Amino acid sequence: MDSKTISPKDYLDNLPEDRKQVISEMRNVVLKNLPGGFSETISYGMLGYVVPHSLYPNGYHCDPNQPLPFISIASQKNFVALYHMGVYSDKKLLDWFTAEYPKHSKTKLDMGKSCIRFKKLDQVPYKLIGELASKITPREWIAIYEKNIKK
């Protein structure tokens, strides 16, 4: 995405139509289910859902000027991606997600450490994404994050 993208609306407005529909729906599902306290922003060139500095003044350890990232949604070259730092950091949540995925999608789970890739845009499991977004509050995410970065 263009580095001039400064708002979620700009991000969506600059997407091709097929991606715009899918990412808009993913965004709506995340916003509807995300516990209170997270903020929507553009983070690292993607739609980002972060713990704001008002809740976590330390910010992200890689760049303390940035708020603590939690979820991002991005249109990549060959897929749409959902980045969820919780599945990377919390084995119990990862196990839950990998067990639930086949119940919600006919496609094989295509996943990296925190990246969940969707190549078949007509088979995105929106309900499961909503459930995943609802699983961790900002305070819980801060506790998981701090426990993991201090290892």
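This is a dialogue about reading features in a predicted model.

Colleague: Where should I begin with the sheet, and what order do its strands have?

Modeller: Begin by following the strands across the sheet, bearing in mind that the model is predicted. Here five strands make an open sheet in the order β1-β2-β3-β4-β5, and their pairing is antiparallel. The edges are taken by β1 (39-43) and β5 (115-118), each of which has a single partner strand, so one side of each is left without a neighbour in the sheet. From one strand to the next, the twist averages 25°.

Colleague: How many bridges join β2 and β3, and which residue stands opposite Val-51?

Modeller: Strand β2, residues 46-51, and strand β3, residues 68-75, are paired over five bridges in the antiparallel sense. Within this pairing, Val-51 has Leu-68 of β3 opposite to it.

Colleague: Which helices pack on the sheet, and which strands do they touch?

Modeller: Helix α5, which covers residues 126-134, packs on the sheet and touches β3, β4 (80-84) and β5, with a direction that makes about 20° with that of β4. Helix α6, residues 138-149, also packs on the sheet, where it touches β2 and β3, and its direction makes about 100° with that of β3.

Colleague: What links β1 to β2, and what is the phi of Tyr-44?

Modeller: The general idea is that most residues other than glycine have a negative phi. In this structure β1 and β2 form a hairpin with two residues between them, and Tyr-44 in the turn has a positive phi of about 55°. The two strands are paired in the antiparallel sense over five bridges, and Thr-41 stands opposite Gly-48 in β2.

Colleague: How do I read the packing of two helices, and at what angle do α4 and α5 pack?

Modeller: Two packed helices are described by the angle between their axes and by the distance between those axes. For helix α4 (residues 91-104) and α5, the angle is about 165° and the axes are 10 Å apart. That angle makes α4 roughly antiparallel to α5, and their crossing is right-handed. On the α4 side the contact is made by Leu-93, Trp-96, Phe-97, Glu-100, Tyr-101 and His-104, while α5 contributes Leu-128, Glu-131 and Leu-132. Sorted by class, the residues of this contact between α4 and α5 are six nonpolar, one polar and two charged.

Colleague: How do α2 and α5 cross, and which residues meet there?

Modeller: The axes of α2 and α5 come within 8 Å and cross at roughly 40°, and α2 passes α5 in a right-handed crossing. From α2, the residues Val-22, Glu-25, Met-26, Val-29, Val-30 and Asn-33 meet Tyr-126, Ile-129, Gly-130, Ala-133 and Ser-134 in α5. The contact of α2 with α5 has seven nonpolar residues, three polar and one charged.

Colleague: How many salt bridges are there, and where do Glu-17 and Lys-20 lie?

Modeller: Side chains of opposite charge can pair when their charged atoms come close. With a side-chain nitrogen of Lys or Arg required to be within 4 Å of a carboxyl oxygen of Asp or Glu, the count comes to seven salt bridges. One of them joins Glu-17 to Lys-20, whose closest N and O atoms are 3.3 Å apart. Both residues lie in helix α2 (residues 17-33), and they are three residues apart, about one turn of the helix.

Conventions:
Residues numbered from 1 in each chain as written. Predicted model: local features only at pLDDT ≥ 70, side-chain atom pairs only at ≥ 80, totals over all residues. Heavy atoms only, no water. Pairing = 2+ DSSP bridges. Helix = DSSP H or I, 4+ residues; strand = E, 2+ residues; numbered from the N terminus. Axes fitted to C-alpha atoms, helices over the stretch in contact; angles between N-to-C directions. Contact = heavy atoms within 4.5 Å. Parallel < 35°, antiparallel > 145°, perpendicular 65-115°, else oblique. Left-handed = near helix turned anticlockwise from the far one by under 90°. Nonpolar A, V, L, I, M, F, W, Y, C, P; charged D, E, K, R; others polar.
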